[in-house]
Amino acid sequence: MAQLRQEADPREAGLDPTALQRMDRHFAREVDEGRLPGFLVSLARGGRVAHLTTYGLRDRAAGLPVATDTLWRLYSMTKPVTSVAVLLLVEEGRLSLDDPVARYLPAFADPKVYVGGSGRDLRTRPSAGPILVRHLLTHTAGLTFGFYHCHPVDALYREAGLESTSRPGAGLAETVDLYASLPLQFDPGTQWNYSVASNVLGRLVEVVSGRPLDVFFAERIFRPLGMTDAGFHITDEQAPRLAELYGEREDGRIAPVPGLPLRDGRPRFLSGSGGMVASAHDVHRFMELLRRRGEVDGTRLLAPGTVDLMTANQLPGGADLRSFGSRPAHDVAAKAGLGFGLGVSVVTDPGRTPAPAGPGTYGWSGVATTTFFVDPGRDLTVQFMTQVRPRGSHAVYPDLKRFVHEAVTGS
């Protein structure tokens, strides 16, 4: 077990201690007023942690505090890790970004696009082209989530037992074949829709590498980077450090809710979309891989150019998520000025983003209100960890970016 530790004085790292204190007080009020159970926040410049705060409880009923070694459900922060796994195989020449997915997963050989109707009256047409690996990485494949309520295909996912990302009791291979049996929302490459695509990528990793997804992650990513607590389940020894998961009630306060069944041994469904658990130290090491463009402490996983590709906007014509998104405008309004790379969002126009961010800043978040981002222009990495599933959009993310923006005073 390794723990995150503060390594530098904030002033020496070009951070304003007064602004950092304002940030800590703000999130402490969220805890004190019952909207968060507790939190961890860290900022690093040049890879050295210059601000690290824990506050509140990881388990309110047991009275256990948040600590630097607390374990967090990452949910969708798993997706960038899955992207790195795919890019490792791309660099080895075992697949290409422009390979048809059906070359490895035959169930995707003849994708159909939804036209109208339902049940026996369902109407589809052949897709204008195949789903490519890059379409999965950029969420432009035409796939969706069953818990959306924006498109008839979302309802088809729910009817197939995919209200969550998998049918209860199903494994990854079976689940991905089920995705392939359902129509696409649109022709691949023509729109952006956040989706189950990273689960398909996880299965792709398994087929191409010949290794289960959790084994591939452990051997090729976690161990080389020293991500000592990261995985898809926890041991009895780790269990006391796992944070409880909470959900937001109608009154804005929180109560415990079921989370990933991490204590039940190796899961049958290994989700490359949202199955990971990790510590703040693990997340810091992963951010360092990206910030250092593929190398950490003498261990190189990816070439610099590969990380540059991953963290650059890949949407056609330099589009942003607001203009290229398939969901209603009100739902993507917060995406102005943000493009999408190979598994991470990317700031393309800081003047249009809803919260301050440097150009080229990239990262991603999870449904339990966890987030990370890397600002290459300011050599800055940031993470925020808590465990709350909000009812809607949580103010934590824009607030965090505003406070970080105010805290950075030097290079």
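1. Strands E14 and E15 (residues 370-375) are paired antiparallel through five bridges. Strands here are DSSP runs of type E with at least two residues, helices are runs of H or I with at least four residues, and both are numbered from the N terminus. Two strands count as paired if DSSP finds at least two bridges between them. The model is predicted, so local features need pLDDT of at least 70 and side-chain atom pairs count only at pLDDT 80 or more, while totals for chains, interfaces and linings use all residues. Residues are numbered from 1 along each chain as its sequence is written, and side-chain values use heavy atoms, leaving out hydrogens and water.

2. Three residues lie between E14 and E15, and the two strands form a hairpin. In its turn, Thr369 has a positive phi of about 70°. Within the pairing, Gly363 is opposite Phe373 of E15.

3. E14 also pairs with strand E13 (residues 345-347), again in the antiparallel sense, over two bridges. Here Gly363 of E14 is the bridge partner of Ser345.

4. Why is strand E14 (residues 362-366) described as largely enclosed by the rest of the structure? Four of its five residues are buried, so the surroundings cover most of the strand. Buried means under 20% relative accessible area, with exposed over 50% and partly exposed in between (1.4 Å probe, protein chains only).

5. These strands belong to an open sheet of eight, ordered E3-E2-E1-E16-E15-E14-E13-E12, with antiparallel pairing. Strands E3 (64-65) and E12 (338-340) are at the edges, each pairing on one side only. E1 and E16 run antiparallel and are joined by six bridges; Arg45 is opposite Leu380 in E16.

6. Helix H8 (residues 280-291) packs on the sheet and touches E1, E2, E14, E15 and E16. Its direction makes about 150° with that of E16. Contact means heavy atoms within 4.5 Å. Angles run from 0 to 180 degrees between N-to-C directions, and axes are lines fitted to C-alpha atoms, for helices over the stretch in contact.

7. Helix H1 lies across E1, E2 and E16, at about 160° to E1. Its buried residues include Leu20, Met23, Phe27 and Val31. The buried residues of H1 pack against strands E1 (38-45), E2 (48-59) and E16 (380-385), and against helix H12 (396-407).

8. The 16 residues of H1 (residues 17-32) should span 22 Å at 1.5 Å a residue, and the end C-alpha atoms are 22 Å apart, which agrees. The expected span is 1.5 Å times one less than the number of residues. Gly34, which follows H1, has a positive phi near 85°.
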